[in-house]
Amino acid sequence: PVFMKNVTIAIDEALLREIDDYLGLTDTVSSPTVIFDVEPTSDGEIHLLAAEEWRFDQRSSFFVQLPGVINDFASHTHSMLVLHAGAVSTPDGRLLVLPGMPDAGKSTLTGALVQAGCDYLGDEMTGVLPETLEVVGHPRALALDKQSRELLGLDDADALSPYVAPNLLRSEVAALEGPAGTITEVLLPTYDPQVVAPQFEQLSPLDALKALLTTTMNLDRCGEPGWRTLCQLVHDVPVRRVTHAGAPELARHLVDHKHRPAD
């Protein structure tokens with residue numbers, strides 16, 4: 001979906017520009033499918049009106065909440081299958097999707113891949129279009145805890161907000177919004193400090209289906225088209241489980257891996 005905003009009480013051009021910059025929106029974006037309202041008040045508060053209403057006494061708190069609101073909208077779409085996954089485009093054009101449950105390390109690995117030269121499609125909600133299996137980018141700020149920030153060498157490891165803009169990971173990164181091409185590979189990351197080098201396990205379609213079912217966000221809303229997309233995904237696209245001892249090392253390995261795993 002495309003996300004826009006209305007300012008309904010007081011026009012605050014600086015706030016509008018800040019929201020646009022934060023969401024990666026440009027003047028070419030039109031026909032939003034979701035609208036949320038932002039209401040700045042005369043005493044400096046910001047009210048965010050979406051599925052629920054939040055009130056913030058300062059802008060920094062507002063921007064901490066904003067990614068969660070947007071991710072919630074993404075998981076409610078009916079038009080595509082949505083996975084709880086990160087996604088990147090490698091320098092040689094491969095589109096990698098990284099599903100995982102919370103604490104699987106997908107956001108850390110996504111951030112490491114951005115640092116290694118990949119363009120960014122998102123770290124939380126990734127769409128998959130039916131029939132074409134195109135990955136739909138949702139490039140918002142990455143959710144990285146203190147340990148992940150330290151691992152990625154970020155200077156603001158003690159920052160209050162858990163969200164990191166992708167251009168803080170690599171200044172020239174491109175944020176890819178919307179359909180970006182057919183998925184090349186699905187990787188299910190698992191961290192294990194005992195492994196010496198990344199270990200890959202090719203999953204059968206049935207095992208891949210079982211694994212991905214735990215990361216789907218909207219099968220109940222998509223119904224049969226969502227199930228068909230998921231079944232087509234595990235049949236047509238390689239799905240591998242990868243065990244690694246560190247996200248930066250795995251990211252460099254994946255970026256240097258120049259061919260499709262099925263070749």
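How many residues lie between S5 and S6 in the hairpin that these two strands form, and which residue in the turn has a positive phi? The legends below take up this question first and then move on through other parts of the predicted model.

**View 1. The hairpin of S5 and S6 in the predicted model.** Strands S5 and S6 form a hairpin with five residues between them, and in the turn it is Gly-93 that has a positive phi, of about 95°. The two strands pair in the antiparallel sense over five bridges, with S6 covering residues 95-99, and Val-88 has Leu-96 as its bridge partner in S6. Thr-90 is found in the loop between S5 and S6, and with a relative accessibility of 3% Thr-90 counts as buried. If neighbours within four places in sequence are left aside, Thr-90 is in contact with Leu-96 and Cys-118.

**View 2. Strand S5 and the strands that pair with it.** Besides S6, strand S5 pairs with strand S8 (residues 125-128) in the antiparallel sense, over four bridges, and within this pairing Leu-81 has Val-128 as its bridge partner. Strand S7 (residues 119-122) also runs antiparallel to S5, to which it is joined by three bridges, and here Ala-87 stands opposite Gly-122.

**View 3. The two faces of strand S5.** Is S5, which spans residues 81-89, largely enclosed by the rest of the structure or left open, and why? Nine of its nine residues are buried, so S5 is largely enclosed by the rest of the structure. On one side of the strand the buried residues are Leu-81, Leu-83, Ala-85, Ala-87 and Ser-89, while on the other they are Val-82, His-84, Gly-86 and Val-88, and thus both faces are covered.

**View 4. The largest nonpolar core and a second core apart from it.** In soluble globular proteins, nonpolar side chains tend to be buried together. The largest nonpolar core in this model has 24 residues, and those with the most contacts inside it are Leu-83, Val-97, Val-135, Ile-183, Val-186, Leu-212 and Leu-233. At least two residues of this core are supplied by each of S5, S6, strand S13 (185-191), helix H5 (205-213) and helix H7 (224-236). Apart from this core lies another, of 23 residues, which includes Val-88, Leu-144, Leu-154 and Val-173. Leu-233, when residues up to four places away in sequence are not counted, touches Leu-83, Leu-133, Ile-183, Val-186 and Leu-212.

**View 5. Helix H5 and its buried side.** The buried residues Ala-208, Leu-209, Ala-211 and Leu-212 belong to H5. These residues cover an arc of only 165° around the axis, which puts them on the same side of H5. The face turned away from this buried side carries Leu-206 and Lys-210, which are exposed. Among the elements that cover the buried residues of H5 are S6, S13, H7 and strand S15 (239-244).

**View 6. Helix H7 and the elements it packs against.** Helix H7 has 13 residues and reaches 18 Å from its first C-alpha to its last, which is close to the 18 Å expected at 1.5 Å a residue. Its buried residues are Gly-226, Thr-229, Leu-230, Leu-233 and Val-234. Seen down the axis of H7, these buried residues fall within an arc of 125°, so they line one face of the helix. They pack against S5, S8, S13, H5, helix H6 (219-222) and S15, whereas the face of H7 turned away from the buried side carries the exposed residues Glu-224 and His-235.

**View 7. Leu-144 in its loop.** Leu-144 is found in the loop between strand S10 (142-143) and helix H4 (146-151). Is Leu-144 buried or exposed? Leu-144 has a relative accessible area of 2%, and because buried means under 20% relative accessible area, Leu-144 is buried. Not counting residues up to four places away in sequence, Leu-144 touches Ser-107, Thr-108, Arg-149, Leu-152, Leu-154, Pro-162 and Val-164. Lys-106 is 38 residues apart from Leu-144 along the chain, and the C-alpha atoms of the two are separated by 9.9 Å.

Conventions: Residues are numbered from 1 along each chain as its sequence is written. This is a predicted model: local features need pLDDT of at least 70, side-chain atom pairs count only at pLDDT 80 or more; totals for chains, interfaces and linings use all residues. Side-chain values use heavy atoms; hydrogens and water are left out. Buried means under 20% relative accessible area, exposed over 50%, partly exposed in between (1.4 Å probe, protein chains only). Two strands pair if DSSP finds at least two bridges between them. A nonpolar core is a set of buried Ala, Val, Leu, Ile, Met, Phe, Trp, Tyr and Cys residues joined through side-chain atoms within 4.5 Å. Contact means heavy atoms within 4.5 Å. The arc is that of the directions from the helix axis to the C-beta atoms. The expected span of a helix is 1.5 Å times one less than its number of residues.
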